[in-house]
Amino acid sequence: MNLKLLLIFYPDSSSAKSSFDNFCTKYLKVSPASKRIIQKVEENKFVGLELEKNYLWITFESKDEKKTGTFLKNVREKLR
């Protein structure tokens, strides 16, 4: 898997949530319904992002939706 990970730690959870919401609405053009979003952005390319407390992590260039979800989950478990 050749995906890219961007992990961001914010000073507070409200800043992290604001960034998550902005990324969803401005880049992915979706309203966030949960703390995890996986969306196809090009043919065979997925973006995944997840929010937990002060952390926001985003994956780029994944070629598989299921593997993106597994990767997001693994990051969340490591941050706990």
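**Terms and values in a predicted model**

Reader: What do β3 and β4 form, and which residue in the turn has a positive phi?

Author: The two strands make a hairpin with two residues between them, and Lys53 in the turn has a positive phi of about 55 degrees. The model is a predicted one, in which local features need pLDDT of at least 70 and side-chain atom pairs count only at pLDDT 80 or more, while totals for chains, interfaces and linings use all residues. Residues are numbered from 1 along each chain as its sequence is written, and side-chain values use heavy atoms, with hydrogens and water left out.

Reader: What makes β3 and β4 a pair of strands?

Author: Strands and helices are DSSP runs numbered from the N terminus (strands E, at least two residues; helices H or I, at least four). Two strands pair if DSSP finds at least two bridges between them. Six bridges join β3 to β4, which run antiparallel, and the criterion of at least two is therefore met. One of the bridges has Glu50 with Trp57 in β4 as its partner.

Reader: Which other strands pair, and in what order do they stand in the sheet?

Author: β2 and β3 run antiparallel and are joined by six bridges, with Gln39 opposite Val47 in β3. In their hairpin, which also has two residues between the strands, Asn44 takes a positive phi near 65 degrees. β1 and strand β4 (residues 55–62) pair in the antiparallel sense over six bridges, and Phe9 has Tyr55 in β4 as its bridge partner. The result is an open sheet of four strands in the order β1-β4-β3-β2, with antiparallel pairing.

Reader: Why are β1 and β2 said to stand at the edges?

Author: β1 (4–9) and β2 (36–42) each have a single partner strand, so one side of each is left without a neighbour in the sheet. From one strand to the next the twist averages 15 degrees. Axes are lines fitted to C-alpha atoms (for helices, over the stretch in contact), and angles run from 0 to 180 degrees between N-to-C directions. Helix α1 (residues 13–28) packs on the sheet, touching β2, β3 and β4, and its direction makes about 160 degrees with that of β3. Contact here means heavy atoms within 4.5 Å.

Reader: Why is Glu50 called buried?

Author: Buried means under 20% relative accessible area, exposed over 50%, and partly exposed in between (1.4 Å probe, protein chains only). Glu50 has 5% relative accessibility, so it counts as buried. Glu50 lies in strand β3 (residues 45–52), of whose eight residues six are buried, so the strand is largely enclosed by the rest of the structure. Leaving aside residues up to four places away in sequence, Glu50 touches residues including Phe20, Trp57, Leu72 and Arg76.

Reader: What makes the pair of Glu50 and Arg76 a polar contact?

Author: A polar contact is a pair of N or O atoms within 3.5 Å; within protein, one must be able to donate a hydrogen and the other to accept it, and residues adjacent in sequence count only if both atoms are side-chain atoms. The side chains of Glu50 and Arg76 make such a contact at 2.4 Å.

Reader: Why does the span of α2 agree with expectation?

Author: The expected span of a helix is 1.5 Å times one less than its number of residues. For the 15 residues of α2 this gives 21 Å, and the end C-alpha atoms are 22 Å apart, which agrees. In this helix Thr68, Gly69, Leu72, Val75 and Arg76 are buried. They cover an arc of only 125 degrees around the axis, which puts them on the same side of α2; the arc is that of the directions from the helix axis to the C-beta atoms. Their cover includes β1, β2, β3 and β4.

Reader: Why is Lys78 called exposed, and where does it lie?

Author: Lys78 lies in helix α2 (residues 65–79), and at 73% relative accessibility it counts as exposed. Lys66 and Lys78 are exposed residues on the face of α2 turned away from its buried side.

Reader: How do you know that the buried residues of α1 line one face?

Author: These residues are Ala16, Phe20, Phe23, Cys24 and Leu28. Seen down the axis of α1, they fall within an arc of 95 degrees, so they line one face of the helix. The face turned away from them carries the exposed residues Ser14 and Lys26. β2, β3 and β4 are among what covers the buried residues of α1.
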